[in-house]
Amino acid sequence: MGGCLSKPKPEVKVELTLLDKEKEADVMSPNGKASPFSDSRPNGALGHGSDEDASATFRPSHKPRDYVEATVCHVKDLENGQMREVDLGTGRALLIKEHGEFSAIGHKCPHYGAPLVKGVLSKGRIRCPWHGACFDIATGDIEDFPGLDSLPIFQVRVEKDRVIIRANKQALQTQRRTQAMSKCSAVINSSTGFSHVLIIGAGPAGLVCAETLRQEGFTDRIVMVTMDKHLPFDRPKLSKSLESTAEQLRLRSAEFLQTHDIELLTEKEVVSVDVKAKTVTFQDGFKMEYRKLLIATGSKPKPLNYIGKDVENVFHPRNPEDANSIARLANNKNAVIVGTSFIGMEVAAALTDKAHSVSVIGREVIPFRKVFGEKVGKAIMKLFETNRVKFYMLNEVSEMRGHHGQLKEVVLKSGKVLRADVCVIGAGSGPATAFLKQSGVHMDSKGFITVTKTMQTNVEGVFAGGDVVTFPLSLRNNKKANIPHWQMAHVHGRVAALNMIGRPTEVKTVPYFWSAMFGKSIRYAGYGDGFDDVVIQGDLDDLKFVAFYTKSEEVVAVASMNYDPIVSRVAEVFGSGKTIRKRDVETGDMSWLIDKGSQ
């Protein structure tokens, strides 16, 4: 399996120089590009506009003591295509050498802090080893998702064959950078029933759409509405970290949204959309007109049929309060999980060190069989059983029994009765699109909105993204696909925003998702729907493996545990348009991936 894992890099000794005087100020914008406001249109137009304060953004007023310089290595210490994490005394940076040129950027992925030195360097960008986010090494800008922020960039120069980095101390500490954004130029009363761009949903698709508009110089009104009472939050963490608060999970603060003139209306449920009048009606009767609309309402839990729907302490975890309640009620008590979805299994794993017992009910023989295949599914099931989780497979819930209204037992259709103080239902979900039934926005038989590669619906000016859509997947010859991944929703939001302002852009990304259980992460890239074989390299018993999912003689997806950054390597190959053949992965030699992913 040579070539999959990065060799540990030696520690680098550095010489530190605190600057005595300020050097030349950078003339570029914080993202290394010319000002995005240079191509401006008249205020009020649906497009780019100027921001009177923009120039201040691009003229750093940092004092000399805000910077540090360090000699980090000799020019010959790095070969082309190599990366090294270096210490500047007040923080670390990632030094990169490509095509004979050095560059330096933040060393941690802004998403979850993954060490980028273990990532994949290819064609002027680096891909995160954990979740696949991509960053331009020259500008630090995020180019593929997940995540909202970009990386800081640092000045590099070579003197007498020594590589010297000059870095802002604060940037070294934060390891992230928010791209420059415009502000709303219009004076708007918050009660005004009109928004140039109206976004239904405050998940990643909606938030990335709003931020992209501002990053691209859009200066008209943006309103984002959500049924949640919270600011946009990291929903995938809910099932992995049950005791996290809304504040700990939030993606952006209220101050951030206010600063960038992204209005957020919480606890607002949309009941109808009139595409002819370009009006959205809310449950409270409030109406809002729009010029452009993004529908990104996400998914809703599929209902189950059982007796005892009024029994309390049964949850479909959708918000931090639900997650917190599940953790509290399961403390030294009996927890039952209905369904072997990722949410259900992640909750089960999170509860094993809290609950007296954890039971999982599933319709299939093996969890995750449709996604990961039988062998990987069995290995994951064994991991759960080793951690005291009891499975009741090929089964369904018949009744929830309570005492004084509180759940006490879960009755299965097989007749088995399980003691239960809390129950979590993770039995799948469907698109939250019922409010569109009479709208004229086209949906398929399952309620998914059909969109083009530009995230445009059949209605001009109406876009959709995230869990609610089926879209043409370039990776699979433009087959219509629904991919409810966190990463994919980010991409949809950005593509929708760019097309809203007249910058034709198509969805082109490699689907990438992950799950965490018992401190172990499984990563997955590609689109394995309908795979007919699985080629496994490594050791399933030790949970150190790579699984290649094939259709006919072509690899269509990959999953791994404890084998970073191989999934990101394969994602890079997929993204380049190259084909991986089944015979390529049957040998067990993965060294070819290094070359194939960097051509």
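# Close-up views of a predicted model

**Figure 1. Pro146 sits in the loop that runs between β9 (142-144) and β10 (153-159).** Like every view in this set, this one shows a predicted model. The peptide bond to look for is the one joining Phe145 and Pro146, which is cis, with omega at about 20°. Most peptide bonds are trans.

**Figure 2. Another cis peptide bond leads from Asp564 to Pro565.** Here omega is near 5°. Pro565 belongs to the loop between β36 (554-561) and α11 (566-575).

**Figure 3. His99 and Leu543 each take a positive phi near 55°.** Neither residue is a glycine, and most residues other than glycine have a negative phi. His99 is in the loop between β4 (92-98) and β5 (101-105), while Leu543 is in the loop between β34 (533-539) and β35 (544-551). Is each one buried or exposed? His99 has a relative accessible area of 68%, over the 50% cut-off, so it is exposed. Leu543 has 7%, under the 20% cut-off, and therefore counts as buried.

**Figure 4. Helix α6 (residues 320-330) is largely enclosed by the rest of the structure, because 8 of its 11 residues are buried.** The buried residues are Pro320, Asp322, Ala323, Ser325, Ile326, Ala327, Leu329 and Ala330. Which elements cover them? Among them are α4 (246-249), β19 (314-315), β20 (334-338), α7 (342-351) and β26 (422-425). Take a moment for the two ends of α6 as well. At its start, a side-chain oxygen of Asn319 comes within 3.1 Å of the backbone nitrogen of Glu321. Just after the helix, Asn332 has a positive phi of about 60°.

**Figure 5. The rings of Phe342 and Phe368 form one of the 13 aromatic pairs found in the whole structure.** Their centres are 4.6 Å apart and their planes meet at 20°, under the 30 degree cut-off, so the pair is stacked. Phe342 lies in helix α7 and Phe368 in the loop between β21 (357-362) and α8 (369-372), so the pair ties together parts that are 26 residues apart in sequence. With 22% relative accessibility, Phe342 counts as partly exposed, whereas Phe368, at 7%, is buried. Both rings also belong to one aromatic cluster, together with Phe372, Phe513, Tyr524, Phe531 and Tyr549.

**Figure 6. Two lysines place their charged ends over aromatic rings.** The charged end of Lys237 sits over Tyr112, 4.7 Å from the centre of the ring. For Lys268, the ring underneath is that of Phe282, and the distance to its centre is 5.0 Å.

**Figure 7. The largest nonpolar core has 96 residues.** Which members touch the most others? They are Leu213, Val273, Val280, Leu293, Ile449 and Phe548. Helix α10 (residues 486-500) gives the most to this core, with 7 residues. Apart from this core lies another, of 48 residues, which includes Ile326, Ala355, Leu383 and Phe391. In soluble globular proteins, nonpolar side chains tend to be buried together.

**Figure 8. Phe548 is shown with its contacts beyond four places in sequence.** Its partners include Asp533, Val534, Val535 and Gln537. Val555, Ala557, Val558, Ile566, Val570, Val585 and Met590 are also in contact with Phe548.

Note on methods. Residues numbered from 1 in each chain as written. Predicted model: local features only at pLDDT ≥ 70, side-chain atom pairs only at ≥ 80, totals over all residues. Heavy atoms only, no water. Buried < 20%, exposed > 50% of the residue type's maximum accessible area, 1.4 Å probe, protein only. Helix = DSSP H or I, 4+ residues; strand = E, 2+ residues; numbered from the N terminus. Contact = heavy atoms within 4.5 Å. Polar contact = N/O pair within 3.5 Å; in protein donor to acceptor, adjacent residues only side chain to side chain. Core = buried A, V, L, I, M, F, W, Y, C linked by side-chain atoms within 4.5 Å. Phe/Tyr/Trp six-rings, centres within 6.5 Å; stacked < 30°, edge-to-face > 60°. Lys NZ or Arg CZ within 6 Å of the ring centre and 35° of its normal.
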